[in-house]
Amino acid sequence: MSNSNWTSAEIASQKGKIILITGANSGLGLEAASVLSQKEATVIMAVRNLEKGQAAMKQVLAQNPKAQVELMQVDLSDLESIAKFSEDFHARFSRLDILLNNAGIMFPPKREVTKQGFEIQFGTNHLGHFALTGLLLDLIKKTQGARVVTQSSIAHKFNGEINFPDLNWEKSYNEMKAYSQSKLANLLFTYQLDRLFKAHKINAIATASHPGVTATNLFRSNGIVSKMSSFIGQKVSMGTLPLLRAATEPHLVGAEYFGPPGVVGFRGFPKLLKSSNKSYNINLAQELWIVSEKLTGITYTF
Ligand SMILES: NC(=O)c1ccc[n+]([C@@H]2O[C@H](COP(=O)([O-])OP(=O)(O)OC[C@H]3O[C@@H](n4cnc5c(N)ncnc54)[C@H](OP(=O)(O)O)[C@@H]3O)[C@@H](O)[C@H]2O)c1
């Protein structure tokens, strides 16, 4: 594994691969769509708003008129929309090489809920991607060397808890704790998925990334944090490198976590990191898995 500063120049041709990216109309997802289509992959940009998606796809095509890029609609805060997306995806594709579970929402100042009543950050960032991956599992299983990459955050360490007695923050709401929970859940999910791939001898791996602090639309709901992020945040092209590395670096074995290094981890080239001790806790991961299957109604069939 390279120890030097990793850039997208290291990505080999992705020709022939089908790559699905959630949150592909903005920030890190849009940049990933642009880079991976320049690397000749067929990129499916999954977006919740088709108008925004069209504008984003235009940007990708402006940079690379030959880009093989398609737009599909999914609202990750609605299990019905995810089920419909999965049907549409199955009708159009018979393989899935790389799934980038990237979409996310952060710090809504008031408690909001998804269509099915889950707290919106836990419901979108974790449960939405849990459901999506489960519904696409048959395609992942039949694609040799497939990868599922999930975007986490240094915030997974902030609270560092899965609030099992009140997963949806009905009794007391703190937007930062709820975001932290969703990002810890992203990692528990990744490592458990990778364990299950291995236990069932499936030729696929799950990896994860974090972008440090990157100036994107993510911070829009909080004025002060938004100003801070545009001041200290790194460029989107830089913040997308960990996701791209986790998605494309050859010879990964699974459960790798890439991001800017250092105690703070705000900025820098992507390195192989350790996430919090808790994120590797198997009992916690199993408990979260069971409750996620129950809440989403999606049972993984390996
Ligand atoms: N930027 C950072 O510093 C930072 C740090 C740590 C982790 N992250 C993570 O990086 C990921 C990407 O965020 P970003 O920084 O690129 O922010 P962004 O520019 O706001 O992009 C977020 C994307 O997620 C989409 N999204 C939100 N809710 C959705 C839903 N219900 N269904 C489908 N798509 C939905 C957004 O769509 P709309 O445009 O329609 O809202 C947007 O395309 C997130 O998971 C975030 O937690 C970012």
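These notes cover the overall fold, the nonpolar core, two helix packings and three individual residues of a predicted model.

1. Overall dimensions. The protein has 302 residues and a radius of gyration of 18 Å, which agrees with the value near 19 Å for a compact globule of that length. Along the principal axes, the C-alpha trace spans about 50 × 45 × 40 Å.

2. Secondary structure and contacts. The protein contains 10 helices and eight strands. Of the contacts with a separation of 6 or more, 72% are between residues 24 or more positions apart. Buried residues account for 51% of the 302 residues.

3. Nonpolar core. In soluble globular proteins, nonpolar side chains tend to be buried together. Here the largest nonpolar core has 82 residues, and the members touching the most others are Ile21, Ala33, Met45 and Leu100. Helix H6 (residues 175-199) supplies the largest share of this core, with 10 residues.

4. Met45. Which residues does Met45 touch, leaving out those up to four places away in sequence? On one side of Met45 in sequence these are Ile21, Ala24, Asn25 and Ala33; on the other they are Gly53, Ala56, Met57, Val69, Glu70 and Leu71. Two of these partners, Ile21 and Ala33, are also listed with Met45 among the core members that touch the most others.

5. H4 against H6. Two packed helices are described by the angle between their axes and the distance between the axes. For helix H4 (residues 120-135) and H6, the angle is about 15° and the axes are 8 Å apart. The two helices are therefore roughly parallel to each other, and the crossing is right-handed. From H4, the residues involved are Gln121, Phe122, Asn125, His126 and Phe130. They meet a set in H6 made up of Ala178, Tyr179, Gln181, Ser182, Lys183, Ala185, Asn186 and Phe189.

6. H4 against H10. How do the axes of H4 and helix H10 (residues 282-296) cross? They do so at roughly 80°, coming within 10 Å of each other. Because angles of 65 to 115 degrees count as roughly perpendicular, H4 is roughly perpendicular to H10. The H4 residues Leu127, Phe130 and Ala131 meet Ser292, Leu295 and Thr296 of H10. Phe130 thus appears in this list and in the list for H6.

7. Trp169. Most residues other than glycine have a negative phi, and most peptide bonds are trans. Trp169 has a positive phi, near 55°. This residue is in the loop between strand S5 (146-151) and H6. Is Trp169 buried or exposed? It counts as buried because 20 C-beta neighbours lie inside 10 Å, and 20 is the lower limit for that class.

8. His251. A positive phi, near 65°, is also found at His251, in the loop between helix H9 (241-248) and strand S7 (257-259). His251 is exposed, since 5 other C-beta atoms are within 10 Å. The two positive-phi residues described here therefore fall in opposite classes, Trp169 being buried and His251 exposed.

9. Ile232. This residue belongs to helix H7 (residues 223-232). With 13 C-beta neighbours inside 10 Å, Ile232 counts as partly exposed; the exposed class takes residues with 12 or fewer. Apart from neighbours within four places in sequence, the contacts of Ile232 are Val213 and Phe266. Arg267 lies 35 residues from Ile232 in sequence, with a C-alpha to C-alpha distance of 8.8 Å.

Methods: Residues are numbered from 1 along each chain as its sequence is written. This is a predicted model: local features need pLDDT of at least 70, side-chain atom pairs count only at pLDDT 80 or more; totals for chains, interfaces and linings use all residues. A nonpolar core is a set of buried Ala, Val, Leu, Ile, Met, Phe, Trp, Tyr and Cys residues joined through C-beta atoms within 7 Å. Helices (H or I, at least four residues) and strands (E, at least two) are DSSP runs, numbered from the N terminus. Two residues are in contact if their C-beta atoms, placed from the backbone, lie within 7 Å. The radius of gyration is taken over C-alpha atoms; the globule rule is 2.2 Å times the number of residues to the power 0.38. Axes are lines fitted to C-alpha atoms, for helices over the stretch in contact, and angles run from 0 to 180 degrees between N-to-C directions. Angles under 35 degrees count as roughly parallel, over 145 as roughly antiparallel, 65 to 115 as roughly perpendicular and the rest as oblique. A crossing is left-handed if the near helix is turned anticlockwise from the far one by less than a right angle, and right-handed if clockwise.
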